[in-house]
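Dear colleague,

I am passing this structure on to you, and below it you will find my notes on what turned up when I went through it. Please read them with the structure open beside you.

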There are 2 protein chains.
Amino acid sequence: MKRRGYMFTGGMPDPASFPAEKLAEAAQKAVRREGGELFVRYPGDQGNAALREMAARRFNEAQRADASPEEVAITNGSMQALDLIIRAYVPRGGVVLTEELTYMGTLGILRHLDARVVGVPVDENGMNTDALAEILDGLRRAGVRPALINTVPVNHNPTGMHMSAERKQRLIQLAEEHDVLILEDECYGDIYFGEHPPRALYAEAPAGRVAYAGTFSKTIGPGMRLGYMIAPPSVMRHVMRWRWDGGTSAFASVILAEFLKEHMWEHIRETNKIVQQKRNVLIEALETELGGSVHCNPPKGGLFAWVKVLDQTDMGQLMARLEARQVYCTRGQAFHAAGADIPYVRFSFAYPSLDEIREGVAIFAECLQASQR
Amino acid sequence: MKRRGYMFTGGMPDPASFPAEKLAEAAQKAVRREGGELFVRYPGDQGNAALREMAARRFNEAQRADASPEEVAITNGSMQALDLIIRAYVPRGGVVLTEELTYMGTLGILRHLDARVVGVPVDENGMNTDALAEILDGLRRAGVRPALINTVPVNHNPTGMHMSAERKQRLIQLAEEHDVLILEDECYGDIYFGEHPPRALYAEAPAGRVAYAGTFSKTIGPGMRLGYMIAPPSVMRHVMRWRWDGGTSAFASVILAEFLKEHMWEHIRETNKIVQQKRNVLIEALETELGGSVHCNPPKGGLFAWVKVLDQTDMGQLMARLEARQVYCTRGQAFHAAGADIPYVRFSFAYPSLDEIREGVAIFAECLQASQR
């Protein structure tokens, strides 16, 4: 596939790290071994047993937890898990609380459902739970019970920060108190630089309080469309009533499971080294090219750098100039719960090469300078 | 995977026909060739270009038509196509006309949406279009505009019959007259015994009147989860607004496309021979074991035989006895739009071996005899 320009958009991992050779071998082995008896059957709503096993193993080894494969459903990326959980729990016009900045796809699903999205302020320590408490009290006074609290507590998209341990405990406590389900989107949980991210809410909250979404898209590739949700039986049964696609590919699943059985953590360690180097090069380039005129907290993990530009930046003009120069980043507005046109840009740094990162940022600097009011 | 009992349920093809060896080779080739650049990207709502190409080719060569790959979206089996099209066109409580007997999955989706399902009588020549005309007139007088007409015109599930050419033309004309979209489910279109099934409605109706659902599940295996919808841009755009899963596996898609490029029609011809033999053995066994006490029109194609049992049969008792003897068929009631407990049983005949078919029918005969009121 030909590359056009500088791709800083989308949650795409490093292409060179894609384990094509090992997956081709895994395909040989798994497809020949399983053959017709597996593939002429429907995978079922929760999907292929071998990959559910690996998803549970991944979660348990990362979280020092003991989720069972019965708690796992394989989905078309974590995206389908989000869609199913939201549709199962959010009635048309229902109220959903979420970090004020969050994944645009989640906002898209919520808006498609005409959900009332209430943004909760978020900072370097994640969702502001004092603000959350106030909002929940206000809703209770108004007699409104929220349908869901959506959060990306670890390697938050777009900011790259973690929710602090205190806030995590507070969030769980508030969700208990107001009896609201938490949708935990941890799709970037395996990508971190330095210390391991804090534990998932799902591993710490009482059973039934959290539905968890994870994926292999960010460490292998979104083209696999292999993610998963983890939830206790009561929640799983309810969510699966919204699923009518016959399940996610057992063919892709057994092949990936075959690969992961041997190589999961080794692959994650190796790709994280490469992704970390790309993050460092991006942060350096922003520093050298733009110095004081932008601000960015180096992300602790994930694939994104959340870059604050000067307040007097004409965002529309900036994005137009960038596109004209074939530098593709995502406008901050896309991540804002209320669609505010905030002076931020999200850079996705795992896909472009080191040179593309340096060149892209240099062009970005020119476009930014030319876009001041 | 261990076999338990006699599996006459589900739309499963012949396991021995699954092209494991060729798919393993295709995987080698395609995965190595495409590698990271393809698989770290999202396939997008309409999915992988190579498989869309093959889906269009399959349709055009079977239908003497000229659908473009732009009209194709790859889905998790035709099931996801049905789910998306129905959700896009049927509001909660909307009216949907369908053959009185139809695919239980479609009925499940419609019931989940609280749709008002109106069954149209169906016989050996498909949906009774005179009855359809009356129902449509009645609805018009009541000021109700149906949201959708659902049909399985070819190798109808469960009856295995085709809609006649006259009725097809009448159906199209009525849908035009009442301005209702037709959902054409042709997921068994490639499986036929003897002459080629009649042309699809999509190939004959004015553009925009029909949304078409097809699949590779029935000729390769449902475990692939690779089906597709075909629709003109206006319909496609509308339906894709309901899709939030990031698309169907590009990984599974390119591998299957690689296989189909070389082997599509040859594979279909070979498997149809095997499936036809299984059909013949089932029909013979029903005749020898049950003679006059059951009636079944030999299916013209597809994977199912629709077997009428004596009216005085206690269906609940019959199904219980069958299950106790590990003979798994599907109760006629499951296919009835209104859930009527009709004296029919559906046999799926491609999955079991020839001996399992003979033994299973012999046991069925005992259970049936013991279940008369």
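A residue is called buried here when its relative accessible area is under 20%, exposed when that area is over 50%, and partly exposed in between. Please also keep in mind that this is a predicted model.

With that cut-off in hand, helix H4 of chain A, which runs over residues 104-112, is a good place to begin: seven of its nine residues are buried, so the helix is largely enclosed by the rest of the structure. The buried residues of H4(A) are Gly105(A), Thr106(A), Leu107(A), Gly108(A), Ile109(A), Leu110(A) and His112(A). What covers them includes helix H3 (77-89) together with three strands of chain A, namely E3 (95-99), E4 (116-120) and E7 (148-151). After H4(A) comes Asp114(A), which has a positive phi of about 55° although it is not a glycine. Asp114(A) sits in the loop between H4 and E4 of chain A, and with a relative accessible area of 46% it is partly exposed.

Stepping back to chain A as a whole, you will find eleven helices and 15 strands in it. Its radius of gyration is 21 Å, close to the 21 Å that the globule rule gives for 373 residues, so chain A is as compact as a globular protein of that length. Taken along the principal axes, the box that its C-alpha atoms fill is roughly 60 × 60 × 35 Å. Of the 373 residues in chain A, 63% are buried, and of the contacts in this chain with a separation of 6 or more, 77% are between residues 24 or more positions apart. The accessible surface of chain A comes to about 13,200 Å², with 49% of it belonging to carbon and sulfur atoms. As for charge, chain A has 42 positive and 46 negative charges, and the mean positions of the two groups are 3 Å apart.

A second residue with an unexpected backbone angle is Arg225(A), whose phi is positive, about 50°, although it is not a glycine. Arg225(A) lies in the loop between E9 and strand E10 (227-230) of chain A, and at 1% relative accessibility it counts as buried, whereas Asp114(A) is partly exposed.

Strand E9 itself, residues 210-215 of chain A, contains Val210(A), which counts as buried at 2% relative accessibility. Leaving aside its neighbours within four places in sequence, Val210(A) is in contact with Leu181(A), Ile182(A), Glu184(A), Leu201(A), Tyr202(A), Ala205(A), Ile230(A) and Pro232(A). Val180(A) is 30 residues away from Val210(A) along the chain, and the C-alpha atoms of the two are separated by 9.0 Å.

There are also cis peptide bonds to look at. In chain A, the bond from Asn157(A) to Pro158(A) is cis, with omega near 15°, and Pro158(A) lies in the loop between E7 and helix H6 (165-177) of that chain. In chain B, the bond from Asn157(B) to Pro158(B) is likewise cis, with omega near 15°, and Pro158(B) is found in the loop between strand E7 (148-151) and helix H6 (165-177) of chain B.

Turning to aromatic rings, the count comes to 24 aromatic pairs over all chains. In one of these, the rings of Tyr188(B) and Phe304(B) have their centres 5.1 Å apart and their planes at 75°, so the pair is edge-to-face. Tyr188(B) lies in the loop between strand E8 (182-185) and helix H7 (201-204) of chain B, and Phe304(B) in strand E12 (residues 304-309) of chain B, so the pair ties together parts that are 116 residues apart in sequence. Tyr188(B) is buried, with a relative accessible area of 4%, and Phe304(B) is buried too, at 3%. In chain A, Phe8(A), Phe347(A) and Phe364(A) form one aromatic cluster.

Last comes Arg243(B), in the loop between helix H8 (233-240) and helix H9 (250-290) of chain B, which counts as buried at 3% relative accessibility. Beyond its neighbours within four places in sequence, Arg243(B) is in contact with Asn76(A) of chain A, and with Asp45(B), Ile74(B), Thr75(B), Gln80(B), Leu84(B) and Thr248(B) of chain B.

With kind regards

Conventions:
Residues numbered from 1 in each chain as written. Chains lettered and ligands numbered in written order. Predicted model: local features only at pLDDT ≥ 70, side-chain atom pairs only at ≥ 80, totals over all residues. Heavy atoms only, no water. Helix = DSSP H or I, 4+ residues; strand = E, 2+ residues; numbered from the N terminus. Rg over C-alpha atoms; globule rule 2.2 N^0.38 Å. Buried < 20%, exposed > 50% of the residue type's maximum accessible area, 1.4 Å probe, protein only. Contact = heavy atoms within 4.5 Å. Areas by Shrake-Rupley, 256 points an atom, 1.4 Å probe, with all protein chains shown as cover. Lys, Arg positive; Asp, Glu negative; His and termini not counted. Charge placed at Lys NZ, Arg CZ, Asp CG, Glu CD. Phe/Tyr/Trp six-rings, centres within 6.5 Å; stacked < 30°, edge-to-face > 60°.
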